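These are my notebook entries on a structure that I examined entry by entry. The sequence and coordinates come first, and the entries follow.

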Protein chains: 2
Amino acid sequence: MTVHAPVKPLQRAEIAKRTGCNLETVRYYEKVGLLPEPPRTQGGHRAYGAEHERRLRFILRARELGFTLDEIRALLLLVDERNAPCGQVRNVAAAHLGDVQDKIADLKRMERVLKDVVAQCADGSRPECPLIEALFR
Amino acid sequence: MTVHAPVKPLQRAEIAKRTGCNLETVRYYEKVGLLPEPPRTQGGHRAYGAEHERRLRFILRARELGFTLDEIRALLLLVDERNAPCGQVRNVAAAHLGDVQDKIADLKRMERVLKDVVAQCADGSRPECPLIEALFR
DNA sequence: TCTTGAACCTGTAGCAACTACAGAGCCTAA
DNA sequence: TTAGGCTCTGTAGTTGCTACAGGTTCAAGA
């Protein structure tokens with residue numbers, strides 16, 4: 001068995017490149033408590049392991065789904081301390097889904113109005129600019 | 001003719017209340033150059049006129065449509081200096097419409113994935129939490 | 001072994017678009 | 001006249017990064 005076989009640690013630039021994360025953002029996630037503090041070399045350089053990489057990927061995927069850092073913190077806490085109870089995880093995700101749907105509704109409202117005024121501006125049938133008119137109404 | 005009839009000026013709290021704008025935001029829009037500096041009373045209090053109110057409403061409506069402050073600045077410049085040429089106004093609006101549509105597409109992608117995992121979490125058919133699994137993939 | 005240049009370290013500032021506070025001053029109605 | 005509710009200024013906080021300065025360490029080549 002090769003349990004605890006010492007895997008070659010990753011420098012910050014390496015973990016950043018492998019995950020596609022910005023170099024500075026890696027340190028930022030550590031600062032805000034999403035990524036655990038990695039061990040250091042004698043000179044003080046961070047030495048990341050496979051678990052850090054795994055966790056960083058988790059964070060980045062969650063960000064792609066639009067989760068806030070607070071929500072991600074909550075999800076990671078569920079993972080770390082409770083072995084990820086599906087019901088609670090689902091609650092976090094469902095609440096976030098609601099937020100996403102609200103935002104879509106907001107943006108669609110904007111889209112409708114904008115399409116409308118752009119079309120009116122385009123056809124040149126009005127002496128005054130319809131968008132400006134609409135905003136000054 | 002009652003040109004320049006002295007309309008009773010508005011205090012900051014009054015213009016805020018009438019437009020629905022946050023009190024502090026009124027001052028903020030002045031600071032960033034969207035709202036012109038109003039005349040002051042002897043004691044230094046701002047005294048807004050009808051034109052300020054009109055302009056503030058314009059800004060707030062544009063914000064509701066998702067325009068950035070830079071875009072609103074550009075629109076107001078077109079209004080102030082060029083009498084709002086419809087073609088240029090339309091360009092600003094069309095570009096913004098594109099941004100809005102991009103955001104909608106992003107959010108819909110998130111929505112699709114989230115709906116999916118929430119449904120999988122809900123039906124309890126998997127031993128591990130599907131959302132957590134998906135994020136750690 | 002020495003050197004050099006890349007990568008790292010910390011702390012801080014900047015972005016958007018507000019929002020909120022502290023500590024001071026003004027204004028008006030009773 | 002005075003109370004208390006405005007207003008004033010400047011600054012700090014929010015979210016989620018991103019970028020810099022000025023200094024240190026590391027690793028590869030000579």
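**Entry 1. Separate positions in the chains.** I looked up Leu10(A) and found it buried, with a relative accessible area of 11%; buried means under 20% relative accessible area, exposed over 50% and partly exposed in between, with a 1.4 Å probe and protein chains only. Leu10(A) lies in the segment before α1 (12–19) of chain A. Helices are DSSP runs of H or I with at least four residues, strands are runs of E with at least two, and both are numbered from the N terminus. From Leu10(A) to Lys108(A), 98 residues along the chain, I computed a C-alpha separation of 44 Å.

I record here that this is a predicted model, in which local features need pLDDT of at least 70, side-chain atom pairs count only at pLDDT 80 or more, and totals for chains, interfaces and linings use all residues. Residues are numbered from 1 along each chain as its sequence is written, chains are lettered from A and ligands numbered from 1 in the order in which they are written, and side-chain values use heavy atoms, with hydrogens and water left out.

Next I took Leu60(A), which is placed in helix α3 of chain A. Leu60(A) is buried at a relative accessible area of 17%. Leu60(A) and Cys21(A) are 39 residues apart in sequence, and their C-alpha atoms are 7.5 Å apart in space.

In chain B, I found Ala62(B) in helix α3 (residues 50–64). The relative accessible area of Ala62(B) is 0%, so I entered this residue as buried. Its C-alpha is separated by 6.8 Å from that of Ile72(B), ten residues apart along the chain.

Val117(A) belongs to helix α5 (residues 86–123) of chain A. Val117(A) counts as buried because its relative accessibility is 7%. The C-alpha atoms of Val117(A) and Leu35(A), 82 residues apart along the chain, are separated by 46 Å.

**Entry 2. Aromatic pairs.** How many aromatic pairs does a search of the whole structure find? I obtained four over all chains. Rings of Phe, Tyr and Trp (its six-membered ring) pair if their centres lie within 6.5 Å; planes under 30 degrees apart count as stacked, over 60 as edge-to-face and the rest as tilted.

One of the pairs is formed by Tyr28(A) and Tyr29(A): it is tilted, at 6.0 Å centre to centre with 45 degrees between the planes. Tyr28(A) is partly exposed, with a relative accessible area of 37%, whereas Tyr29(A) is buried at 6%.

I also noted the tilted pair of Phe58(A) and Phe136(B), at 4.6 Å centre to centre and 45 degrees between the planes. Phe58(A) lies in helix α3 (residues 50–64) of chain A and Phe136(B) in helix α6 (residues 130–136) of chain B, so this pair joins two chains. Both Phe58(A) and Phe136(B) are buried.

**Entry 3. Charges over rings.** I counted a charge as over a ring if NZ of Lys or CZ of Arg is within 6 Å of the ring centre and within 35 degrees of the ring normal. Arg54(A) lies over the face of Phe136(B), 3.9 Å from the ring centre. I found the charged end of Arg54(B) over the ring of Phe136(A), at 3.9 Å from its centre.

**Entry 4. Relation of the chains.** Two copies of a chain are related by a rotation about an axis and a shift along it. I superposed chain B on chain A by a rotation of 180 degrees with 0.0 Å of shift along its axis, at an RMSD of 0.1 Å; the fit is by least squares on the C-alpha atoms of residues with pLDDT of at least 70 in both copies. I entered this as the relation of a two-fold axis. Which C-alpha in chain B is nearest the axis? It is that of Ile104(B), 3.0 Å from the axis.
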